[in-house]
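Trainee: Please take me through one part of this structure in detail. I would like a close look at the ligand site and what surrounds it.

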Amino acid sequence: MQQQKTRVSWLASLFFLCGVHPSSEKKMNMKKSRVSEKQLSITRLSFSDFGKSASPKDLSSSLVGSNLHIFTLAELKLVTRNFSNTNLLGEGGFGPVYKGQVDEKLRPGLKRQTVAVKLLDLEGMQGHKEWLAEVIFLGQLRHTNLVKLIGYCYEDEHRLLVYEFMERGSLENHLFQKFVPPLPWKARMRIAVGAAKGLAFLHEAEQPVIYRDFKASNILLDSDYEAKLSDFGLAKDGPLGDETHVSTRVMGTQGYAAPEYIMTGHLSARSDVFSFGVVLLELLTGRRSVDKNRCRREESLVEWAKPHLRDHRRIYRIIDPCLLDGNYSTKAAQIAASLAYQCLSHRPKSRPHISTVVSTLQSIQDLDVDIKEPVIVYVATEDGNMLLKEETKNKDVVEPPAINTNRHCHKRRGARYLKSFSYSDTALYRNCPTRRRNGRA
Ligand SMILES: Nc1ncnc2c1ncn2[C@@H]1O[C@H](COP(=O)(O)OP(=O)(O)OP(=O)(O)O)[C@@H](O)[C@H]1O
Ligand SMILES: [Mg+2]
């Protein structure tokens, strides 16, 4: 049996190198009548081509063309200083994530770099299936707006993933964590474009992928605010041919999942577009998709914001109060708001294609040329804390508007005190260590 499995995977790797997998080929033959000519040139191994019980050897030989490094647990302990707490970057549903250093002493050809090592929590809710999905999808998909998987470890019950390190952590941390300076408008739009391009790459691939877990915590940022999608544990091969959706168990994150998907389990690229609309709203408003700390009327971001999105005169009611007047283009905000409105349509067919989302957001970036960039300074207060202040260039330091004067402003920005000095907005972002959910850089 084992021998047979190995033979199959050896064949698989051969076909993988040639561009077609045997079981993909068989499946394609079965579906031939429904699948268009274009889709016959499938080059990626799909998730269903792997049994959940694929052995480490099966996996490594099947993914032989993907250049993934296979690490031992002992090696990953070494690079993360024994999974030390000082290296902890954060923790999600899969398990803790640690910072580490690798170089070619570990593997020939491995460049010296910082990595993020994600360790499966053996007591947690996720397991081998999510780990395998990540290895299979991210191992084969490469794009500027997807985080790069460098390698993995598959040893006994241990499952680990090794990624390129993303200096600025997740979008969620930048938007919602205390003591993190507000993201400037341009950075928000750059992130929205990058994340949309990542989704477009998945949706428009010859063998499309539905991401299924698009949310602020899964968008990681590099030093230039280039957005990269991470976490492919829930990703699904998209429908082929004339099919409009795939049927799945309903999984994902409350507040981001599309209503028709929650109701029926029918998953399509348009479900990702809905989730994109939610993240775009988070970028515009600075509010979480679901916030139990707010009054009931405002708990759900989509329900609260949607009535304001189409009326250009009401846009100021929902824009993040941390984005002061003049620091963003009103016209761009109006276009982004109406794009979010379309993405959030209850009818999947009325939502735009992700390529339209990308082009609309790119056109907004061109409207940004004249906006004033804020300069953030810190001023010592009598009690020795640092107060975040904002000034426009060539002016004395001015008080930022009181945080709670805007009736929609939330207490999340209430504590804008920091212990460190930074001078300008740009310097601030460059110098400020990225703060993680668990507070470590
Ligand atoms: N490649 C990476 N580079 C830098 N930091 C990372 C990287 N991957 C993850 N992190 C950090 O680890 C944290 C946890 O990430 P993880 O994806 O495991 O969980 P999450 O997205 O917060 O939650 P969920 O389980 O709902 O996806 C992230 O918030 C991020 O700050
Ligand atoms: Mg995540």
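Mentor: Keep in mind that this is a predicted model. Start with the contacts. Asn218 places a polar side-chain atom 3.0 Å from an oxygen atom of ligand 1. Ser217 also has a polar side-chain atom 3.0 Å from a ligand 1 oxygen. For Lys215, the distance from a polar side-chain atom to an oxygen of ligand 1 is 2.5 Å. Now consider the cover. On its own, ligand 1 exposes 610 Å², and the protein buries 93% of that area.

Next, the location. Ligand 1 occupies the largest pocket. Three elements each give two or more residues to the shell around it: strand E2 (88-91), strand E4 (113-119) and strand E6 (158-164). Of these, E2 gives the most, with three residues.

Then look at the whole shell. It holds 21 residues, and the closest to ligand 1 are Gly93, Glu164, Met166, Lys215 and Asp231. Lys215 is thus on that list and also makes the 2.5 Å approach to a ligand oxygen. By residue class, the shell divides into seven nonpolar, seven polar and seven charged.

Finally, the domains. Domain 1 spans 47-164 and domain 2 spans 171-421. Both give residues to the shell, so ligand 1 lies between them.

To recap: ligand 1 sits in the largest pocket, between domain 1 and domain 2, with 93% of its 610 Å² buried by the protein.

Conventions. Residues are numbered from 1 along each chain as its sequence is written. Chains are lettered from A and ligands numbered from 1 in the order in which they are written. This is a predicted model: local features need pLDDT of at least 70, side-chain atom pairs count only at pLDDT 80 or more; totals for chains, interfaces and linings use all residues. Side-chain values use heavy atoms; hydrogens and water are left out. A residue is near a molecule or strand if one of its heavy atoms lies within 4 Å of it. A polar contact is a pair of N or O atoms within 3.5 Å; within protein, one must be able to donate a hydrogen and the other to accept it, and residues adjacent in sequence count only if both atoms are side-chain atoms. Accessible areas come from the Shrake-Rupley method with a 1.4 Å probe; for residues, only the protein chains shown count as cover. On a 1 Å grid over the protein atoms alone, a cavity is a set of points where a 1.4 Å probe fits but cannot get out, and a pocket is an open set with protein on both sides within 12 Å along at least five of seven lines; lining residues have an atom within 4 Å of a point. A molecule sits in a cavity or pocket if more than half of its atoms lie within 2 Å of its grid points. Helices (H or I, at least four residues) and strands (E, at least two) are DSSP runs, numbered from the N terminus. Ala, Val, Leu, Ile, Met, Phe, Trp, Tyr, Cys and Pro count as nonpolar, Asp, Glu, Lys and Arg as charged, and the others, Gly among them, as polar. Domain bounds come from an automatic or database domain assignment.
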